[in-house]
Every structure is written in C-alpha cells, then in structure tokens.
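Biologist: Could you take a close look at chain A for me, and then place it among its partners? I would like one connected account that I can follow with the model open.

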Amino acid sequence: MREVDLAVVGAGPAGLTAAIEGAKRGCRTVVLDMNPRPGGQLIKQIHRFFGSREHRAGTRGIEIADSLFHEAASAGVEVMVEAEVYAIHDSTLEVVAQTNEDSLVLLSEEATTSRSRPLSIAARRIILATGGAENALNFAGWTLPGVMGAGAAQTMINLWRVLPGKKILMVGAGNVGLIISYQLIQAGGEMVAVIEATSRIGGYGVHAAKISRAGVPILTSHTIISASGESRVERAVIAKVDASWRIVSGSEQELEVDTICIAVGLHPNARLASLAECELCYSPSLGGWVPIHNSRMETTISGIYIAGDLSGVEEASTALEEGRLAGICAAASLGKERAGDYDDIKAIEGRLLGLRSGPFCQHRQDAKQELIGIGEAQCPKQ
Amino acid sequence: MRVVHHPILGDLPKVRQVKIWVDGKEITAHKGEPIAAAIAAAGIKIHRYTTKREEPRGVFCGIGQCTDCVMIVNGVPNVRTCITPVTEGITVETQHGAGRGGR
Amino acid sequence: MSQAIESPSYPSQQELRNAPGYPSQKRLEKGPVVVIECIEEIPCNPCEQACPQHAITIGEPITNCPHLDEDKCIGCELCVSQCPGLAIFLIDLTHSQGSASVAFPHEYLPLPGKGQTVRAVNRAGEPICSATVVRVQNPKTNGQTPVVTVAVPRKYATEVRGILRPGR
C-alpha cells in the first residue's frame, strides 16, 4: 500500500492550501479530487473577490486557482484528479479511492482514460476539504430538466463554456444567486428575474446593484410555485408571499423561461466525514450538519482534520485561510514544525476574524466559536 | 449553445474535437469536457427517465454530487455525466430506470 | 416584466449622499471626482490600495465603508476598475458646456466604440437619455474590467450608471 504523511481530499481552495502548507513542512502529501480538473469551485469564479490584500482581494477566483496550482507544484504536492475517495478506514487512516489509470497528475493535463482501478493509501494524517453542496428546493416541477443548481449553471458557462438556457429565472438573491445571475448575463443569457422569498436581498447590495442596472428585476417576497413544460422547463409560475410565507392569492404570474437556477444556500458536504465517523453537529449559520472540530481544525477522530466549506459554508477567502491552518496543524502533529508556525497561526486567526466580522459575517464568527468550543471539549487533545 | 466570446474569459480557445455517439447520433465534443457539457451544447437536456414514474431528469448539481445526470456510457449505466470527460468514440445512451434492461 | 420592485435593488440618492464615499455637491462642481456607491459594511478594501493619491480610506476593521477624501481625489479613474463590487463611478460635471461625463465598469461584450451613440441607463436599468461614448479604457492593469465613459446631459449625471446592451 502506498504510504504518505498527508492525504488531502478535495483540491479546492482549502484542500490545496492545506496540502501546500503540509508539503512545505516536509510532509509527503497527496491530494485526491473526483473532478476532471483541480481547483474546486475557484476555477469557475470569474469575478473579483472581496476581502483584503492578504486574501488577494480584487483578484478573480480563476487567477487565484492558477497561483495555487503554481504554489502547490513548487511545494511538491501531488494532485490526483478523477480520484473519488469512497472509504476511510479509521484504524490505519487508510484512504480508498476509485481512480482512473492515468489520473496521477501533477497539476498538468487532465486524465484521458476511463479505466477505473481502486487505490489504497495509508496516510498518517487526513485533511478533508470536500466543500459544500447546493441545497435543492421542492416545488411542482422541480425535477424537470432545466431546473438546476445555480452553481451547476456557473460550472457550465465559466468552466465548460456552454450556456444551459437562454431565458433564465434565478431563485434566491443571496450572493450566489446575484453573482451567478451577473455571470449568466456575461455569458449571453437573459435573466428574466431574480426572485427572493424573504423581504430583503440577502447578498451584498453592490452585487444586486450590478444586475439591477443591467435591467434584471429583483423581486423580493416572491417564491416559485411551479415549473412546467413538455419534458423540460418551458415556463415558471411565481407569486408574492406575505410575512407568514403564505402565497398572496391573485399575485401569480407566469414567466416564459427555459432554465430555473436554484440558489437557496449550500450545506457542508459531510458525507465522507460522516463515513469516517467524525461527529457532526447542526449549525444553521454554517449551513447544516458540520463535523465538530477544534481550533487546530482536527475532528473528533484523531488524525482527521477538516477545512473550508466542509467545516461551515463560508467563502473561498475563508477556505484559503482554514486550509493553511489545517495544513500547518496537521504537519505540526507529525513533528514537522517550522519556526514561525505560531506567528503564522496567529496571523491566520486574525485574518479569519476580520473575514467573519461586520453585519453580514459576524453570525458565522459566533457559530464558529461555538463549534470550536464543542470541539475543544470533544476532540482529542494534542 | 457554446459561449464563444466572453468579456472575462476571452474567446473560446481552440481545442481538439472528439466525436461521441449519443443515442445513435454523432455529436462533436471538446476534448476534456464532461459528457454533460457536450450534450448540453448539442441542445440535449434529458439524461434519463426515472424508474417508477418514468419522469425525465437532467443536470442538477453539475459537480458529481447529486447523480441526477447519470446515463449509460459505453454500456455502463449510472455514469455521472457531469464529471466524466468525453473520449473519442464513446457511446452515450439515455438511461431508463436502473439502466440494465429491466426496471 | 412590469411588476414594481418592492424593495429597491440599489441604494437611494439619500443613502448614497449620507455615505462617506460620496463627494459633496461643491466638489462635484469642481471637476472629475469618484463616487463610491458602497454603503454596506462588507469585508473588502482593494479601493484603498488602488488609489495613488491615498484619497480612499477603509482602515480597520476591513468592514468599514470606504471614506473619500474629496480634496485628494484627482479623478484619475484608477479605482473604478479595481472595485470587486463594480461600485465606483467617475463623474465630471465640467465635461463640456451642458454635458457631464460618467465613467463606469462595463464587463460585457460587445464593447461600445468611441463616438458611438448609446442609450444610458439608470440604477434600475431603465434607459433615461441618449449618451455619446467618450472613451473605452481597457489596459492590462484593468484586469478585464473595461471602463466606459459616456457624455450625458448634465442633469442625468447622478442617475446614469451604465448603458443599454445590444439586444436588450
């Protein structure tokens, strides 16, 4: 069996930074990702990021991905794509993945064959960075082809350069719904409307202003009642809702659309963590069931660390920081410390605090604090 | 529909084209893209029909998590087309139910 | 769709004028100056670093709204393409006799051409007047965010925030 110091699951912002920090400290590090390309959701984020200079604010996600690939390659991180981890045997921290024959790549060309083979890796430490998954929304016709996650539409247009539809309805006016609406317009789509069930826009006002001046109506206190069409979406019916979430009768209107994007939040993709028997707890502010972790990002299973959206749905900028934190701590637990680790950790914690402040983000800081509090009591002591 | 020109990403780079067969019809795909992208570009939205109610399904999550987009690829059912890249000459079929002949 | 927007998707004039990134009427009358339409406390500060005159301050915490020192701003436009929220505009009320110019980020294709007559839109995306394209700037340093400047009748300068895209 192949042996490594550090096996990272997920090659998004958290997984890559975790691997980079681990490898920089001398850990033999491998990253496994089930997608054809590494980079997680960064490779479809074509907008400029918010945040500070330390978080490369003002830089587009795709450029941040490129620089991470560069950093990972020079740190000696090995990334395997089309490698899906389906088991973690906790006694020896054995990672079992289904991979393709040629899926061993070092951040270069994508794999080309489809012959599968199983692979077992014995890892001294595991960092799970499996990200988040989009929430679904149940309404009449919600399973029709043409109803899709907003993130799916974003993947289609920005990564694969295919516009999934021409006339689009966005359900949800959080940052994801607003940003992806903007990007659908940039890709040549027509946004018929953005609807939001609550009485106010959840995302940043600047994102709303952007699509508003592009002529897209943002209808708050509106919900979707149905999607219909012959084997595919051809129209949607939306209506107003009152303060108790009841449909205001007579307010229904039919929209001619061929695509309905659902942007009603994400949840931590905790299936693998759950399979590894990491204890979870429910945190609405962090998106749902999230693995309990301590301030070093270690879970209730000794040797298994987490980072990024898996440890609470936030933003790429926080994922980049948490990944580094997890990587440094996992390496340190193997005795692979570096002078300055303490200062690095303090600096990361300071930046995370900054990212989790303000009226939009403070609730996440509170939730994270609570989660870490539970973690300090329940996770193994170093 | 392919997004050929893009204000941020620039023009669609020239990539090697591969031929794939979807329900017996030849489709031109771009090397390295997933099957789901290739068939969406060809205007195909229905990937499969469900077992009990025979309802159509398409792409939902686009990143390999929901399994709504599975099809029969080279005779193998339940292949997630959103994360499975096209390769020259593969056959892709709309899946009915569990995709093994029976329901 | 004709449905009235129930809660505004953009800030009101009142909200903008109360924000620390909005120049005074006196400063606007003097010539080119930026208008920062960023009124929420979001964690973001690239505008601060984009300004070579140090006219924009966010400081700590990073969630502070940008503060414009209107006397330091020389209207160089460098911050317009660097704002991740595309929320900074450059207004020149002294553009010409009777007309003002408004510069805004425009990340759409096709880009308009210099001299072209276009329809200018307000914050709600409604066409409100005719405009002439004065300039289209897209150097490498803009990082794929072109900045378009249009000349509009002076009275529309505080309303115009973009142009109608072809096909709309």
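Modeller: Happy to; here is a walk through chain A, followed by its partners. Please keep in mind that this is a predicted model. For the complex, the predictor gives an ipTM of 0.96 and a pTM of 0.94. Chain A itself has a mean pLDDT of 91, with 93% of its residues at 70 or more. One stretch calls for care: over residues 101–115 of chain A the pLDDT stays under 50, and the model has 37 contacts for that stretch beyond four places in sequence.

Let me start with the domains. The domain assignment splits chain A into domain 1, made of 2–133 + 266–378, and domain 2, covering 136–262. Their C-alpha centres lie 31 Å apart. Where the two meet, 4 residues of domain 1 of chain A are in contact with 6 residues of domain 2 of chain A. On the domain 1 side, that contact set divides by class into 2 nonpolar, 1 polar and 1 charged residues.

Now for a single residue that you can centre your view on. Gln183(A) sits in helix α4 of chain A, which covers residues 175–186. Is Gln183(A) buried or exposed? Residues with 20 or more other C-beta atoms inside 10 Å are classed as buried; Gln183(A) has 23 such neighbours, so it counts as buried. Setting aside neighbours within four places in sequence, its contacts are Ile46(A), Gln154(A), Ile157(A) and Asn158(A). There is also a link across the sequence: Gln183(A) and His47(A) are 136 residues apart along the chain, yet their C-alpha atoms are separated by 8.2 Å.

Further along chain A comes helix α7, residues 316–333. Its 18 residues reach 26 Å from the first C-alpha to the last, close to the 26 Å expected at 1.5 Å a residue. Of those 18 residues, 16 are buried, so α7(A) is largely enclosed by the rest of the structure. Just after α7(A) you will find Gly335(A), with a positive phi of about 80 degrees.

Next, the partner chains. Between chain A and chain C, 38 residues of chain A are in contact with 36 residues of chain C. Which elements of chain A each supply at least two residues to that side? They are α5 (205–213), β12 (218–220) and α8 (341–355). The most comes from α5(A), with 8 residues. By class, the side of chain A that touches chain C holds 18 nonpolar, 15 polar and 5 charged residues.

As for chain C, its mean pLDDT is 93, and 96% of its residues reach 70 or more. Over residues 1–6 of chain C, though, the pLDDT is below 50, and this stretch has 11 contacts in the model beyond near neighbours in sequence.

Finally, chain B. Its secondary structure comes to 1 helix and 8 strands, arranged from the N terminus on as β-β-α-β-β-β-β-β-β. A compact globule of 103 residues would have a radius of gyration near 13 Å, and the 14 Å of chain B agrees with that. Along its principal axes, the C-alpha trace of chain B spans about 45 × 25 × 20 Å. Of its 103 residues, 43% count as buried. Among the contacts in chain B between residues at least 6 apart in sequence, 36% join residues at least 24 apart.

Key
Residues numbered from 1 in each chain as written. Chains lettered and ligands numbered in written order. Predicted model: local features only at pLDDT ≥ 70, side-chain atom pairs only at ≥ 80, totals over all residues. Domains from an automatic or database assignment. Contact = placed C-beta atoms within 7 Å. Nonpolar A, V, L, I, M, F, W, Y, C, P; charged D, E, K, R; others polar. Helix = DSSP H or I, 4+ residues; strand = E, 2+ residues; numbered from the N terminus. pLDDT = per-residue confidence, 0-100. Rg over C-alpha atoms; globule rule 2.2 N^0.38 Å. Buried ≥ 20, exposed ≤ 12 C-beta atoms within 10 Å, placed from the backbone. Expected span 1.5 Å × (residues − 1).
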